[in-house]
Structure formats: C-alpha cells, structure tokens
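Student: I've got a protein open on my screen and I'd like to talk through its hollows and its core. Can we start with what's in front of me?

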Amino acid sequence: MNEQTAIDRTQRDYSPAVKTALERSPQLYIDGAWVDSSGGETIEVEDPSSGKVISRFVEATDKDVDRAVAAARTAFDDGRWRNMPPVMREKIMHRLADLIEEHADELAELEAIDVGKPKGMAAAVDVPGAASHIRYCASWAGKVSGETIAPYTMPGGMLFAYTLKEPVGVCAQIVPWNFPLLMACLKIGPALGAGCTTILKPAEQTSLTAMRLADLVHEAGVPAGVFNLITGYGHTGGDRLVKHPDVDKVAFTGSTEIGKLINRNATDTLKHVTLELGGKSPVVVMPDVDVASTGLGVAGAIFFNSGQVCVAGSRLYAHKSVFDDVIEAMHGTKDFWAPRPSLDPEAHMGPLVSKEQHDRVMKYIEAGKRDGAAVLMGGDAPSSDGGYYVNPTILTDVNPQMSVVREEIFGPVVVAQRFEDLDEVVRDANDTQYGLAAGVWTKNLSAAHKIAARLQAGTVWVNTHAMIDTAIPFGGYKESGVGREQGREGIEAYLQTKSVVMKMD
C-alpha cells in the first residue's frame, strides 16, 4: 500500500463498545456518580486521522470544579480510603488493573481515535502500561511505613520517637494528550496507593479514555469521592484546580511553559507540586556502534508516537566517522514510519493529535529551512482527505542557534549533527534549558558510564530509548521538571512525614 492510499483510506467502522462510549451524554464523574455540569458548554472530540468530530464532552465550570474538590476533601477527611485496611485498598486497585486489561481492546481503540496513535501501539504500550502502573502502586498500599527511633535520654527525661508516613491529602492531577490513559494511571496509581483522594483533569484534546477509566474505577469499588473526573480546558478548569485552597497537591505533566505557570499559582497556598515537563533529548552515537541496528534505534527514538513524546530523541549527535551511515540507516525506515490512519493495522506512526499541533510542527520545519537546514528526509505533510499527517523528517546542516535545535517541536522531526570528540558532544548535548532524558549508543561500557555521568538528564538510556518502567524513578533536570514519578520516589511524592515524640517518665 503506498503512502497516498494509506492516508486516503477510509477508517473502518468503530467497534460497538467504542460507538457506545462516543455516544454517551457529556457528564462529569463526581462523588461516585456521573452528573450533569452546572453549565451547558461542551468541547468537540476530533479523530485526528480524519479531522472529523466524533463526540463531545463537558467543559467544566468553576462550580463543577468546586463540587469535585469538595467531594475529594470530604472523602479524605472522613478517612473512607486512607483508613481502609491496606489489604482492601490493594485488592480494589488490583481489580481496577484487571478491568483495564479486560477492556484492553476497547481502550486501545479509544486511545487510537482520540490521539491518532496506531491502535496496535496503544494495545502494546499504553494499555498494558496503565494496568502495570496501577498494579505496582497497589503493592505499596500495605508497605508504607515510618521508622522508630531508639529511646534516648534528654535532660527532661527518657524520650521515645517514631515517624509516620501520611498521605498528603487532596490531589489535582492534570495529564497531557500524548499518552492520556497511561499518564492518568501514572498519576492516580501512586495517589491511591498512598491513601490520597484525587481529581483528574485530562487534556481537552483527549478525554475519551479518562471517561472510560472513571467507569472502571467505579466498577472496581473505589469509594465515592476518592476519584473524581473533571473535563475541560486547562486555562479554566485546570487553573481553578491549581488555585483551589482545598487542594493539597498538584501533579502535572505537560509543557514547561504551563508547568512554570502552575508552579507559580500553586505557591500561594504552598501546595506540594510534581512537574514532568518538556524535553529536547540528545542522542549520542559513538563511532564503535553497529550502524544498521543503531539507525533503527535512533529512528524509533524520534518517530515513535509521531515524535509526540517528552523524551523523544530529537537531537542526534553522531560521530563524524559514522554520521552518513547512521543517517542512511534512518532513511531506510521511511516506509516503516510513513504515517497512516490510527486504525490501519499496518500503521506504525499515525497523524498528529490536532490541526494546531500539525501547524506548529510544520512551522518549525519551515523555520528550519529558512535558517539553512537541509532536509534529508520528509519535511512535508502528505496530502490527505482530512487528518493531521506529517512525514518523518530528518534535518541536517543545523547549528545551536536554530529554533529547531533549541525548542521542543513535539513532532516527528530530528536535527542531526556531527561531532569529533567526547568533550564537544557532552557540551553540546547539555547546551539546553531541558534535562529530561538522553541516549547513548556505544559498545564501550566504560564510555557509556563516563558519558551518562556527564549528561544533565533525569534518565540516560544506553543502546535503547524510552524504556520506561513503573519501578524506575522518572523526572527531569533543569526546566524539565520538579520531583520524580514512578518507583519508591513516586509513592513518596504523595506522602508526608510526621514525627511523634513521647516522654517516657
């Protein structure tokens, strides 16, 4: 099937389960029930593969947000979740993971038509990852504990002390549009495992799987008020959540620009804040690599999920001795990564999430061309009958002052550069405001350790990319974030320490 045929191909009919989900009445999930909004505004849902409107959801009002926060506040304060026996909380969370797996095909299809990612990818990555995050965090429900301090003598007498790890409280959790279900579970998993209550606010572009997740939360037996769902725009409903005095913590994944704004707004009430923000990840290819396999790997690092990944390997630094061969190997993946509709079973890369994102990416490509960058692959948008497609793109002859090198494009665009020595490439790789992730490709273990130690990034992958696991902490340096998610540190982010000191005599 050629590229044009793939793009023009009509999406097959949605499954009955997905049709039901698309036809549901626009409502909010608050205090254990689906409820109507206090307002009448809704937001259209587009299928990025066609550009057609397929559903609608609620644009929450301030009153709706206040109602959701009040439900979460009451549920936290009366202890219906945090005081539940840990084994029971763990059981409910495992049931939620079971339900995600039972509805895997439906959730993958919803994610595909909402985001534009291939259904096969959503089925292999997003849905299993969502269930995995819930399971991992469920296992922590009975393992959260403090410490005891041996009795000791003070001038006033013998003292005994211990610490308690307590949930931070009501959590506002705002997730992005590139991995909506996975990010939602990455947020609610540790919150529920730690005993918090939550209000989830999915991105206005992609709320379909969040609404189905609320159904599954309800079916799993999570008590009313412990999980609430607010849909709508970030600058209205999201902003109201961040500033709300009864919210104790904000967890946000998204752009650095919005993350800074959230951090400022959360300061007035000194909320706990976790921010996972933007990236412009360098990928360093040393001269000793196997060129063929490395070319495949670095292509996947940027073209996976249409480049709409915070850790996308968008800056390639290949040693001058292998540069041309690596680029040739990447070019050989052109047909594999050719964009297709999200429900096309042959798709490996789909459209971008929206017309806005499509136009943004194309503007960056045009800016790169104007600044003197050479297009070695792609650089254009395939013609199509609707849909927001951009061809996988490789730009060379770039310099550090170009916007395509310095700014996060969030699309299938890599800027490729040559280097000669290690100090040079480390300096250039670190010459960015971001520090979320980086990659190193080499057969030399000593070189891998040396480079990883010098790269300013929260995660460094060696001979792989974007391998993220729920047990491994994840977060950024510099303007790529505050705090860590996943692993023990991800659970700790939803806990606070209380010290108890007793006089014994």
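**Pockets and core**

Tutor: Sure. In the largest pocket, the lining is made up of 22 nonpolar, 13 polar and 13 charged residues. Keep in mind that this is a predicted model.

Student: What makes a residue part of the lining of the largest pocket?

Tutor: A lining residue needs an atom within 4 Å of a pocket point. For the largest pocket, 48 residues line it, and Trp177, Glu204, Gln205, Ser255 and Ile258 are those nearest its centre.

Student: Why are Trp177 and Ile258 counted as nonpolar, but Glu204 as charged?

Tutor: Trp and Ile are on the nonpolar list and Glu is on the charged one, so Trp177 and Ile258 go with the nonpolar residues and Glu204 with the charged. Gln and Ser are on neither list, so Gln205 and Ser255 count as polar.

Student: Which elements give two or more residues to that lining?

Tutor: Strand E3 (42–47), helix H9 (234–243), strand E10 (249–253), helix H10 (256–267) and helix H13 (355–370) do. The largest share, 6 residues, comes from H10.

Student: How much space is in there?

Tutor: The largest pocket holds about 1,400 Å³. The second largest has a volume of about 680 Å³. Of the 30 residues lining that second one, Val125, Phe304, Ala466, Met467 and Ile468 are the closest to its centre.

Student: What classes of residue line the second largest pocket?

Tutor: Its lining divides into 17 nonpolar, 10 polar and 3 charged residues. Helix H6 (119–138), helix H7 (180–194) and helix H11 (291–303) each supply at least two lining residues.

Student: Which domains does the lining of the second largest pocket draw on?

Tutor: At least three residues come from each of domain 1 (16–277 + 481–499) and domain 2 (282–462). The lining of the largest pocket also draws at least three from each of those domains.

Student: What makes Leu96 and Phe227 members of the largest nonpolar core?

Tutor: Members must be buried, of a listed nonpolar type, and joined through side-chain atoms within 4.5 Å. Buried means under 20% relative accessible area. Leu96 and Phe227 belong to this core, so each of them meets those conditions. The core has 94 residues, and both are among those that touch the most other members, along with Ile100, Leu213, Val285, Leu316 and Met330.

Student: Which helix gives the largest share of this core?

Tutor: H7, with 9 residues. The core, too, draws at least three residues from each of domain 1 and domain 2.

Terms used: Residues are numbered from 1 along each chain as its sequence is written. This is a predicted model: local features need pLDDT of at least 70, side-chain atom pairs count only at pLDDT 80 or more; totals for chains, interfaces and linings use all residues. Side-chain values use heavy atoms; hydrogens and water are left out. On a 1 Å grid over the protein atoms alone, a cavity is a set of points where a 1.4 Å probe fits but cannot get out, and a pocket is an open set with protein on both sides within 12 Å along at least five of seven lines; lining residues have an atom within 4 Å of a point. Grid points are joined across faces, edges and corners, and a volume is the space filled by probe spheres set on the points. Helices (H or I, at least four residues) and strands (E, at least two) are DSSP runs, numbered from the N terminus. Domain bounds come from an automatic or database domain assignment. Buried means under 20% relative accessible area, exposed over 50%, partly exposed in between (1.4 Å probe, protein chains only).
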